[in-house]
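Here's a quick look at the charged side-chain pairs in this one. Have the model open as you read.

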Amino acid sequence: MRITAQMAETVSETNASSLLANETTSNATATANVTGRAAATPEGLATAYCSLVVLAIIPIVIGSIRSIAYQKAAKKKAQEDGEDVEKMTTKDVAMFPVIASGALLSLYLFFTIFSKEYVNLLLSIYFFALGTVAVASLIEPIVKPFVPAFLQPKTMYQLQLTETKVDEEKKESDAAEKATGLLFYFKCTRVDLACLFVSALFGIWYVWKKHWIANNVFGFSFAIKGIEMLSLNSVTNGFILLGGLFLYDVFWVRTLPHKCPYMHCLMSILAQVFGTDVMVTVAKSFDAPIKLIFPMDILEHGIYAKNFSMLGLGDIVIPGIFIALLLRFEDSRRPGSRLYFRATCVAYFFGLVTTVLVMHFFNAAQPALLYLVPACLGVPSLVALVKGEMASLLKYEDHPSEEKEKDKEKTT
């Protein structure tokens, strides 16, 4: 779907905010899986867990591949407009765990003070709009090649929202209103409108029935678009972000006791105020497509199953944007090379399988990033050490500054 630079910036910001909500509840959903769930057959559990692992890897692969073209187009567009590319800075990634904690606590207070029905109603409206655009942007490139040429006229439809200033001295004249800024601009074709209509049907289905398939369609789209559009910019930023969220995940999901009696008492108080209760409350109350779910009783009840296993989008998108960065690193050096990308995808797979197995056999909430972060950081680091490319890996940037680009040209 054709989107102007300003619209792309808006979508990027909304995806970032969705990402924040995803991360704040991702492992809370894992907590809900293992506490108070109905009994499931071994076959049903195996089917659900295997399906979630596959559903988690697919958007990472698709989003990473799409990110190559998207980031190149974003860089070209920024150069034409004389603007900077939308990207995360070192300050952004360092503050992300703090902001995520604040968002988690805010959601907890909202659900504690206000009725969750009203809060979830507002969330449903928000995610309906966001999900409709996300799904439409994904299906448009798939549908367009199959649309006959005569049904693809060059007619474009535009929706523009501008800010105007009224000149009090010229109220009666045509020049009384003067545009002072463009707030929103959207341009599309008939094919785009058809895709929006189809995706809106999925949105209505989700809002009306909250069916798990509709939830997954939205969640799948959010994950792909988030991985495609969000740029960590540098591998160093990726290490900082994943390291910070590693600590965030461990703290909010499991607060470990301390040998010292006083520290044990303090940690127990923190656990009651800031620990598992917050995660569980938000996870059970937050009704939005920020997770992928799969029924554990699908073998007995089919698509009408009600007993679900869940995986938060944060555990997909956070490692996913780092894996996508590694793919772009390889593409910038050796187009077509996929060693770092494939190795880290395999590491993510085993990290996620480990999370599921530990959660199942110990019947306890597990911070997924406790297993995913070491896998996703350790494996590419090992590959870089073996290939002697650690310095190049750490220096890589998607969108380096003009000074760094000039220095790179001098060295080459």
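E389 is buried, with a relative accessible area of just 8%, while its salt-bridge partner R333 is partly exposed at 38%. Keep in mind that this is a predicted model. The count comes to eight salt bridges, and a few of them are walked through below.

**E389 and R333**
- The side chains of E389 and R333 meet with an N to O distance of 3.6 Å.
- This pair links distant parts of the chain, 56 residues apart.
- E389 sits in the loop between α13 (369–387) and α14 (390–395), and R333 belongs to helix α11, which covers residues 314–333.

**K210 and D287**
- K210 and D287 form another salt bridge, with their closest N and O atoms 3.0 Å apart.
- K210 lies in the loop between α5 (190–209) and α6 (212–229), and D287 in the loop between α9 (276–285) and β3 (291–295), so the pair ties together parts that are 77 residues apart in sequence.
- Both ends are partly exposed: K210 has a relative accessible area of 28%, and D287 comes in at 30%.

**E228, K225 and their network**
- E228 and K225 pair up through their side chains in a salt bridge at 3.4 Å, N to O.
- Both residues are in helix α6, three residues apart, so about one helical turn separates them.
- E228 and K225 are both buried.
- R66 comes into the picture too: salt bridges with shared partners join R66, K225 and E228 into one network.

Terms used: Residues numbered from 1 in each chain as written. Predicted model: local features only at pLDDT ≥ 70, side-chain atom pairs only at ≥ 80, totals over all residues. Heavy atoms only, no water. Salt bridge = Lys/Arg side-chain N within 4 Å of Asp/Glu carboxyl O. Helix = DSSP H or I, 4+ residues; strand = E, 2+ residues; numbered from the N terminus. Buried < 20%, exposed > 50% of the residue type's maximum accessible area, 1.4 Å probe, protein only.
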